[in-house]
Amino acid sequence: MRSDTYRKYFKVPFMMGPNCLRLLDKLLEEYPLQYTSDNLVLDLGCGSGVTSLFIAKETGATVYANDLWISKEENHKRFLQWNMEDTLIPIHEDAENLHFDKEMFDALISIDSYHYFAGKEGFFVNNILPYIKRGGIVLIVIPGIKNEYDGRSEELLTPWLGAEAYMFQSAGFWRQTLGTHEDIENIKTWEMSLFELPWQEWFDTNHEFALNDKKYFESIIKPFTTFVGIMVKKKSGIQE
């Protein structure tokens, strides 16, 4: 995997959960993007910016690295250290109130964050789709519950996740919640084949949160959860 070359980032503070670079790598393996610096990608919920670094280096795009929990200044400092300040643009905005130009981005990518703010019908078509260029693509990976346990997140996951258990939903749930729109050409949601490796590399950080997650891996995480992949393709051309 291309992510093997980024092993120096497989640690806190770059890892804030299951290895985001492994998940991103797998997603871009299934949906490759070949861009130039003139192409713009929004990394929504970029955390410490390591996913933005990967996107920029592996696709060639200029990346707007947006996160609500980590400041613009903190990520800008990191981007300077990486000599990526011309390619990575730090942004600090709430996903529910973005201020970008309409149809600005060739792609939007979001790894392990979309479930925190987008679990209601209408959010995608109102808050995400307008910023994607015609012919553009949205690629998302989030933790979720297996389809066979659809609707049972709170029952099965509360001992591990507490009040946040409701955020883990099935691929089927996300397909319905994304909704329909005349500008959408195609939507796909699926259970990703990659699972244990991102979790193990999170445990390997020995962060206190990772060690707590590890306690529940065999009893809850492994039997009931999955990583949900989401792909949305926006129609090309001018709407009649």
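Buried means under 20% relative accessible area, exposed over 50%, and partly exposed in between, with a 1.4 Å probe and protein chains only. Residues are numbered from 1 along each chain as its sequence is written, and side-chain values use heavy atoms, with hydrogens and water left out. This is a predicted model, in which local features need pLDDT of at least 70 and side-chain atom pairs count only at pLDDT 80 or more, while totals for chains, interfaces and linings use all residues.

**Figure 1. Overall view of the protein chain, with nine helices and seven strands.** Helices (H or I, at least four residues) and strands (E, at least two) are DSSP runs, numbered from the N terminus. Of the 240 residues, 56% are buried. Along the principal axes, the C-alpha atoms fill a box of roughly 50 × 45 × 30 Å. The radius of gyration of the protein chain is 17 Å, which agrees with the value near 18 Å for a compact globule of 240 residues; the radius is taken over C-alpha atoms, and the globule rule is 2.2 Å times the number of residues to the power 0.38. A contact means heavy atoms within 4.5 Å. Among contacts between residues at least 6 apart in sequence, 76% join residues at least 24 apart.

**Figure 2. Surface and charges of the protein chain.** About 11200 Å² is exposed by the protein chain, and carbon and sulfur atoms supply 47% of it. Accessible areas come from the Shrake-Rupley method with a 1.4 Å probe; for residues, only the protein chains shown count as cover. There are 24 positive and 36 negative side chains, and the centres of the two sets lie 3 Å apart. Lys and Arg count as positive and Asp and Glu as negative, whereas His and the chain ends are not counted. Each charge is placed at NZ of Lys, CZ of Arg, CG of Asp or CD of Glu.

**Figure 3. Close-up of Cys 20 and Cys 46, whose sulfur atoms are 10 Å apart.** A disulfide is a pair of cysteine sulfur atoms within 2.5 Å, and the count comes to zero disulfides. For Cys 46, the closest cysteine sulfur is that of Cys 20, too far for a bond. Cys 20 is buried, with a relative accessible area of 12%. Cys 46 is also buried, at 4%.

**Figure 4. Close-up of α7 (196-203) and the loop that joins α7 to α8 (208-215).** In α7, the buried residues are Pro 198, Trp 199, Glu 201, Trp 202 and Phe 203. These buried residues pack against α1 (20-30), α5 (153-161), α8, α9 (217-224) and β7 (225-234). Asn 206 lies in the loop between α7 and α8 and counts as exposed, at 54% relative accessibility. Between Asn 206 and Pro 159, the C-alpha to C-alpha distance is 21 Å, and the separation in sequence is 47 residues.

**Figure 5. Close-ups of backbone geometry at Pro 13, Glu 103 and Asn 206.** Most residues other than glycine have a negative phi, and most peptide bonds are trans. The peptide bond from Val 12 to Pro 13 is cis, with omega near 15°; Pro 13 is in the segment before α1. Glu 103 has a positive phi, near 55°. Glu 103 belongs to the loop between β3 (88-91) and β4 (105-111), and its relative accessibility of 35% makes it partly exposed. Phi of Asn 206 is also positive, near 60°.
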